Amino acid sequence: MDSSSSEILVDAGSFRLYKDGHADRTGDMETVPAGFDADTGVTSKDVVIDAVTGVFVRLYLPPIQAATDDDGKTKLPILVFFHGGYFVVRSASCPKHHRHINDIVARARLIAVSVDYRLAPEHLLPAAYDDSWAALNWALSGADPWLSEHGDTDRVFLVGISAGGNIAHNMTIAVGVRGLDAAVLPARIEGTLLLHPSFCGETRVEGEPEEFWDSVKKRWSIIFPDAKGGLDDPRMNPMAAGAPSLTKLACERMLVCAASEDPRRPRERAYYDAAKRSGWGGEVDWFESEGEGHAFFARKYGSSGPSSSWIE
């Protein structure tokens, strides 16, 4: 047996990545079906957006009340959500994220589009970025009746947790750099919400634990072997040389959220500071949860963090 097939490079608890590039997933792959949620009154459904790759989105719709536009249809903000999980685990059907989104949709009264991008290492990066870009453009094209009848493309929010926060940043930058696809309806990204986003770089920053940095570096080398500059690929390090300027952020406002006990916090703060200094014309705010660890709100039911209140 090839020793590389049994040599573990990364053990994250919910999965192991091996030197030969395969993964064993031991958790965070549970799923729940879409449907009506009695606690919130929110209805969800799954829609395949690419028959070749199997990529789908889970749509969420709150109870529709009084009509608000000239066509007699209720128009609601659109939230496009990118789940977390190191790019390796979880899905749009994850119970933690499903419960969290039901709660946000009910509180903020919006339509949510949760993206089920393909996971690494079976689908190496940039697959997750490509799938997320396709899903964002699909969502803003009004391809589904829920979106065409009730979605307000003038009030779009991009939200991501952890790896999904990384994706949300990259989608916001991509819109600013290349623009949305031609089929997309006129759209305005009102806000981007980065919930404990995952960023890193080839050089450790002050306060970044060495063990954590080393684990990220090994994981990145497996799930994105063609990354330009390793961890200094602009998709992982937005402040790296050659990365698109943060002035290209396509949103009008941004909230960067961190937890004081999260090893990602130093990078998140550096990102926030860079956005403040960049000359970008939008508004960026910082929200830090004291005494909490990474993505605590996804584990604690009823603790949705600042998500719904900021969007409202």
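Asp 46 is partly exposed because its relative accessibility is 39%, where partly exposed covers the range between buried (under 20% relative accessible area) and exposed (over 50%), using a 1.4 Å probe and protein chains only. Its salt-bridge partner, Arg 58, is a good place to go next. Please keep in mind that this is a predicted model, in which local features need pLDDT of at least 70, side-chain atom pairs count only at pLDDT 80 or more, and totals for chains, interfaces and linings use all residues. Residues are numbered from 1 along each chain as its sequence is written, and side-chain values use heavy atoms, with hydrogens and water left out.

**The annotated domain**

- The unreviewed UniProt entry places the feature "domain: Alpha/beta hydrolase fold-3" at residues 79-297; UniProt positions follow the numbering used here, feature names are shortened, and annotations may be inferred rather than shown by experiment.
- Helix makes up 36% of the chain over residues 79-297 and strand 19%, while the end C-alpha atoms are 18 Å apart. Helices (H or I, at least four residues) and strands (E, at least two) are DSSP runs, numbered from the N terminus.

**Strand β5 and its surroundings**

- A salt bridge joins Asp 46 to Arg 58, with the closest N and O atoms 2.7 Å apart; the term means a side-chain nitrogen of Lys or Arg within 4 Å of a carboxyl oxygen of Asp or Glu.
- This pair links distant parts of the chain, since Asp 46 sits in strand β5 and Arg 58 in strand β6 (residues 56-61), 12 residues apart.
- Arg 58 counts as buried because its relative accessibility is 1%.
- Ser 44 also belongs to strand β5 (residues 42-48), and with a relative accessible area of 4% Ser 44 is buried.
- Beyond its neighbours within four places in sequence, Ser 44 has contacts that include Arg 58, Tyr 60, His 98 and Trp 146, where contact means heavy atoms within 4.5 Å.

**Other salt bridges**

- The count of salt bridges comes to 21.
- Glu 208 and Arg 267 meet through their side chains in one of them, at 2.9 Å from N to O.
- Glu 208 lies in the loop between β10 and α5 (210-223) and Arg 267 in helix α6 (residues 265-277), so this pair ties together parts that are 59 residues apart in sequence.
- Both partners are buried: Glu 208 has 1% relative accessibility and Arg 267 has 6%.
- Asp 154, Arg 155, Arg 188, Glu 190, Glu 252 and Arg 253 are joined into one network by salt bridges that share partners.
- Within that network, Arg 155 forms a salt bridge with Glu 190, the closest N and O atoms being 3.0 Å apart.
- Here too the pair links distant parts of the chain: Arg 155 is in strand β9 (residues 151-161) and Glu 190 in strand β10 (residues 189-195), 35 residues apart.
- Arg 155 is partly exposed at 26% relative accessibility, whereas Glu 190 is buried at 11%.

**The N-terminal strands**

- Strands β1 (residues 8-11) and β2 (residues 15-18) pair in the antiparallel sense over three bridges; two strands pair if DSSP finds at least two bridges between them.
- Ile 8 has Tyr 18 in β2 as its bridge partner.
- Three residues lie between the strands of the β1 and β2 hairpin, where Gly 13 takes a positive phi near 90°.
- Strand β3 (residues 23-25) pairs with β2, again antiparallel over three bridges, and Asp 24 in β3 is the bridge partner of Arg 16.
- The hairpin of β2 and β3 has four residues between its strands, and Gly 21 in the turn shows a positive phi of about 100°.
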